[in-house]
Amino acid sequence: MAGREGEGRRADGADGVDATWAQELLDHLRPSGRDVRKVVAWLAAAAHADVALQDDAGTLLAGTRTPLDEALVADITTGRIASAALQDHGRHLRLVRVELPHPATAGVLAVSRPAPFDRRTADIVTHTAGVLELLLRARESAAAGHRLRRATSDLRLAILQLLMVEDTVSARRVAAGLWPGLLDTDTACVYVAESRPEDRDRLAEECLAATSEQALVVRCPAVDAHVIVVTPGEAAAAELRALVGGRPHTFLGGSAWQSLAQTATAYGQAVSALAVAHFRPDKAAVYAERTHPERLMDPAALRGWTARVLRPLDALAHHTRAELLATTRLGLEFTAVNAAAVLGVSRNTVRARMERVEGLLGTDLSDLTVRAAVHLALNTQAGLAQQPDGQGGADTRLADLLAGPAVHTWAGELLRRLDGDSRNVRRTLRTWIAAGGNAERAAHLLGVHAQTVREHVRSAEPVLERQLLAGGSDLYEVVLAHLALGDLDQPALHGANSGHPDAPVHG
């Protein structure tokens, strides 16, 4: 508070014993008390006055508006004079220039009271003006820092959304300005860290520090508890695991390594692994650590089947096809609202794109067995370096892919975990899937309450180590297991269940 006329004087009264006001004023500079409005209110009480703080345009920043002479205010704000004291209509008025953080601007601190200003009150006004300048400068600096952090966060999200729709060229171009070399990679791994929503900002900052800002760290726009990390290096995995291991209520799911264009697929894998992490003592899991049915199928037959399922989309322009596929992959993993938030589009756009895919494929995505089959085809397509030529397994049906001994063994081992439950949870789960995941319809078929169905399905989640009620990859694997064992009818897919490309087949 140096630099003002008279500030070298002692902050006490005429008898030299009243320094209480100075301590109170300094208390407003503590981190817990930095509030311009509170300082102005304190000055009003300490000086027994009406106080107003306004900028050079006359906008009231704090306090109670006081009628002021515009010419006098202009003299102060333009720097012709630093302060003024006058008496007007029985009131005593002090005006003091207050530097504002914006370049070449100033405001006025006006203090009006019925009694004359003694030395003590004049000192309080002068020193308070200095404190207000410090607080206004600090507030602007904090606001600028917040705006910068917000802009950087928005930029990271924009890059992620470009990766989600396979626009890696634009993503690299946007990232190059602030994070050179960040996306100069062919493959990457996606991690999703989960904490309590109120801890998410701190978790994001710690993820940035743990990866030395050599990873794309994004606060998930769809789930308030999630932080998404896209990393091109393996060192980040150990750092992230160590990070969540030492924090309560924090979990980590990681994807398999994917090409950068398949970030959407990797994100779905990371969310799936995150569900498993909730059941792990170290609170972390990686997608590759679990056996998935597509890895047990004949690769050539799977590619051929995938080519036929997705063939109706081949005539689309590359950008349109990539956009529809990316949106459908996310739409099958999450709700339309969450998929829209991740992609940065409206939920109606997500639904419209999925309906277009549904129409092109000639199938019904409200059927869980259809969703599981299309999800399998989309993930297979995403994992290929180039589009399948469809030459292998020309006559392969989904039932054939699921009939292999390895898949059959995997399915049996998975669902037998439920056999020990005396409530026949396995039957409830099968009925719930057949009812499209609708608890009310399943309850009607089973003759029980809908809440009972939900409880049975929820109790199966830790046993199977898969999230079911949330939908997505975990549920689709369980659906495929039922199909492999013949516990559900085969889905109606346009030309994908028979050798004839135009013959929709049920079962």
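Biologist: Which residue in strand 2 is the bridge partner of Ala-52?

Modeller: In this predicted model, strand 1 covers residues 50-54 and runs antiparallel to strand 2, with 3 bridges joining them. One residue to consider in this pairing is Ala-52, whose bridge partner in strand 2 is Gly-63.

Biologist: Which residue takes a positive phi in the hairpin of strand 1 and strand 2?

Modeller: The hairpin has 5 residues between the strands. A positive phi near 90° is found there at Gly-58.

Biologist: Which strands stand at the edges of the sheet, and why is one side of each left without a neighbour?

Modeller: The open sheet has 5 strands, paired antiparallel in the order 2-1-5-4-3. Each edge strand has a single partner strand, so one of its sides has no neighbour in the sheet. The edges are strand 2 (60-63) and strand 3 (83-88).

Biologist: What is the bridge partner of Arg-94 in strand 5?

Modeller: Strand 4, residues 91-99, and strand 5, residues 106-113, run antiparallel and are joined by 8 bridges. Within strand 5, the partner of Arg-94 is Val-111.

Biologist: Within what arc do the buried residues of helix 11 fall, seen down its axis?

Modeller: Helix 11 spans residues 336-343, and its buried residues are Ala-336, Ala-339, Ala-340, Val-342 and Leu-343. In an α-helix, residues three or four places apart point the same way, because there are 3.6 residues a turn. The buried residues of helix 11 line one face of the helix, because seen down the axis they fall within an arc of 165°.

Biologist: Which residue just after helix 11 takes a positive phi?

Modeller: The position in question directly follows the helix. With a positive phi of about 75°, the residue is Gly-344.

Terms used. Residues are numbered from 1 along each chain as its sequence is written. This is a predicted model: local features need pLDDT of at least 70, side-chain atom pairs count only at pLDDT 80 or more; totals for chains, interfaces and linings use all residues. Side-chain values use heavy atoms; hydrogens and water are left out. Two strands pair if DSSP finds at least two bridges between them. Helices (H or I, at least four residues) and strands (E, at least two) are DSSP runs, numbered from the N terminus. Buried means under 20% relative accessible area, exposed over 50%, partly exposed in between (1.4 Å probe, protein chains only). The arc is that of the directions from the helix axis to the C-beta atoms.
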